[in-house]
Amino acid sequence: MKDQNTESRKIVGQTASTGFQVGVRRTMPITPEQAWAFLTSSEGVRLWLGQVSNLTFREGETFISSEGISGQFRVVKPLRQFRLKWSMKDWEKPSTLQIRLLSDKADRTTISFHQENLDHENTREQMKLHWEEVLNEIRQKVSILERE
């Protein structure tokens with residue numbers, strides 16, 4: 001029989017070994033190429049990394065934004081995935097951020113943000129709200145592009 005106290009103490013987003021994690025995704029009416037182009041544009045980068053200049057999106061590349069977000073690219077698979085160390089300026093240790101572009105139809109792409117190694121449930125909630133806002137802004141930009 002399971003211990004009910006153990007189960008009731010489990011917190012949403014908490015993992016056994018990597019702290020807290022969060023995932024947010026939205027499907028956009030764009031191709032993976034359009035999604036990648038936007039995420040790697042200066043306007044797109046500003047949404048998920050902050051103000052950073054001269055990024056080349058290469059594995060091993062490090063960055064620090066003017067907003068204090070820092071990190072290092074670990075995996076870069078064009079049109080498919082970024083995996084990077086990602087940290088805000090006051091954090092004790094970096095998290096791992098993955099951005100994936102998922103598409104099974106030519107004109108639809110799901111943009112997925114998944115972040116792990118977060119230190120606390122409050123940080124998880126903060127990042128959930130942050131990535132939801134980023135995706136909402138991307139959706140607004142994409143719908144403007146569609147009308148042009």
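In this predicted model, strands β5 and β6 pair in the antiparallel sense, and eight bridges hold the pairing. The connection between β5 and β6 is a hairpin that passes through two residues. One position along this pairing is easy to pick out: L101 stands opposite I111 of β6. On the other flank, β6 is joined to strand β1 (residues 20-28), again by eight bridges and again antiparallel. I111 takes part here too, as the bridge partner of R26. Strand β6 itself, spanning residues 108-118, is mostly covered, with nine of its 11 residues buried.

These pairings belong to a wider arrangement. Six strands make up an open sheet in the order β1-β6-β5-β4-β3-β2, with antiparallel pairing. Strands β1 and β2 stand at the edges with a single partner strand each, so one side of each has no neighbour in the sheet. On average, neighbouring strands of the sheet are turned by 20° against each other when direction is ignored. Within the sheet, β4 and β5 pair in the antiparallel sense over six bridges. Helix α2 lies across β3, β4, β5 and β6, and its direction makes an angle of about 150° with β5.

A closer look at S95 is worthwhile. This serine lies in β5, which covers residues 95-105, and W86 is the residue that stands opposite S95 in the pairing of β4 with β5. S95 has a relative accessible area of 1%, which is under the 20% limit, so the residue counts as buried. Its polar side chain nevertheless finds partners. The side chain of S95 reaches the backbone oxygen of W86 at 2.8 Å, and it also makes a polar contact with the side chain of Q115, at 2.8 Å. Leaving out residues up to four places away in sequence, S95 touches L84, K85 and W86, together with Q115, E116, N117 and L118.

Aromatic residues offer a second way into the fold. The structure holds 10 aromatic pairs. In one of them, the ring centres of W36 and F82 are 4.4 Å apart and the planes meet at 15°; the pair is therefore stacked. W36 sits in helix α2 (residues 32-39) and F82 in strand β4 (residues 81-87), so this pair links distant parts of the chain, 46 residues apart. W36 is buried at a relative accessible area of 12%, and F82 is buried at 0%.

The rings of F63 and F73 form another pair, this one with centres 5.6 Å apart and planes at 55°, so it counts as tilted. F63 lies in strand β2 (residues 62-64) and F73 in strand β3 (residues 70-77), so the pair ties together parts of the chain that are 10 residues apart in sequence. Both F63 and F73 are buried. The four residues named in these two pairs also come together in one aromatic cluster, formed by W36, W48, F57, F63, F73 and F82. 

F73 has a long list of contacts beyond its neighbours within four places in sequence. Among them are the aromatic residues W48, F57, F63 and F82, as well as L49, L55 and L84. The list also includes R58, E59, G60, E61 and R83.

Nonpolar packing completes the picture. In soluble globular proteins, nonpolar side chains tend to be buried together. The largest nonpolar core here has 36 residues, and the members that touch the most others are W48, L49, F73, W86, I111 and I138. At least two residues of this core come from each of β1, α2, α3 (42-48), β3, β4, β5, β6 and α4 (121-147). Helix α4 gives the most, with six residues. Several core members have already appeared above: I111 stands opposite L101, W86 stands opposite S95, and F73 is part of the aromatic cluster.

Helix α4 also contains Q126. With a relative accessibility of 40%, Q126 falls between the limits of 20% and 50% and so counts as partly exposed. The C-alpha atoms of Q126 and V22 are separated by 9.9 Å, although the two residues are 104 residues apart along the chain.

Terms used: Residues are numbered from 1 along each chain as its sequence is written. This is a predicted model: local features need pLDDT of at least 70, side-chain atom pairs count only at pLDDT 80 or more; totals for chains, interfaces and linings use all residues. Side-chain values use heavy atoms; hydrogens and water are left out. Helices (H or I, at least four residues) and strands (E, at least two) are DSSP runs, numbered from the N terminus. Buried means under 20% relative accessible area, exposed over 50%, partly exposed in between (1.4 Å probe, protein chains only). A polar contact is a pair of N or O atoms within 3.5 Å; within protein, one must be able to donate a hydrogen and the other to accept it, and residues adjacent in sequence count only if both atoms are side-chain atoms. Contact means heavy atoms within 4.5 Å. Two strands pair if DSSP finds at least two bridges between them. Rings of Phe, Tyr and Trp (its six-membered ring) pair if their centres lie within 6.5 Å; planes under 30 degrees apart count as stacked, over 60 as edge-to-face and the rest as tilted. A nonpolar core is a set of buried Ala, Val, Leu, Ile, Met, Phe, Trp, Tyr and Cys residues joined through side-chain atoms within 4.5 Å. Axes are lines fitted to C-alpha atoms, for helices over the stretch in contact, and angles run from 0 to 180 degrees between N-to-C directions.
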